[in-house]
Amino acid sequence: MIRIEALWLSVAPLDMRAGMDTLLAQVVRVFGEAQPHHAYLFSNRRGSRLKVLVHDGFGVWLACRRLNQGRFHWTEGQDGVALTRAQFDALVLGLPWQRLGDGGVIRTL
C-alpha cells in the first residue's frame, strides 16, 4: 500500500501527454520540492482528465483518471492548494469538493 500523508492540487492546466519526468519538474516548480509520501494532482484544460504523481520515499508513481461525462471541479488562483482526504475523494468522483462541509455534506455557495 502506498502511504500518502498530504495531497496537493496544482491549479495550472497541464498537457496530459506529459510524462513522469515533466510532472516531477512541474511539482518542483510549483511546490518547491517533491516530498516523500505526498501526492500531487494535475488536470488538463477541459478538466476531463486527472494525473496523480506520488512520491513514496523510494520512487515515483503516476496514475491517470478520465471522466467519460462531466469534468473534475478545479480551482483557480494560487499555484498549489492543499487538499484534505475528503476533498480528494470528492474531486476524483467529479463532485464539487470546494463546497464540501463537515460530515461529507456538500453545501451551497
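# Helix α1 and the sheet

Student: What phi does Gly32 take, just after α1?

Tutor: Just after α1, Gly32 takes a positive phi of about 95°; helices (H or I, at least four residues) and strands (E, at least two) are DSSP runs, numbered from the N terminus. This is a predicted model, where local features need pLDDT of at least 70, side-chain atom pairs count only at pLDDT 80 or more, and totals for chains, interfaces and linings use all residues. Residues are numbered from 1 along each chain as its sequence is written, and side-chain values use heavy atoms, leaving out hydrogens and water.

Student: OK, and which residues of α1 are buried?

Tutor: Leu23, Gln26, Val27 and Val30 are the buried ones, where buried means under 20% relative accessible area and exposed over 50%, with partly exposed in between (1.4 Å probe, protein chains only). They sit on the same side of α1 because they cover an arc of only 105° around the axis, taken from the directions from the helix axis to the C-beta atoms.

Student: What's on the face turned away from that buried side?

Tutor: That face of α1 carries the exposed residues Asp21 and Arg29.

Student: Switching topic, what order do the strands of the sheet come in?

Tutor: The 5 strands form an open sheet with mixed pairing, in the order β4-β3-β2-β1-β5, and two strands pair if DSSP finds at least two bridges between them. Because β4 and β5 stand at the edges with a single partner strand each, one side of each has no neighbour in the sheet.

Student: And how do β3 and β4 run?

Tutor: They run antiparallel, joined by 7 bridges, and His55 has Val60 in β4 as its bridge partner.
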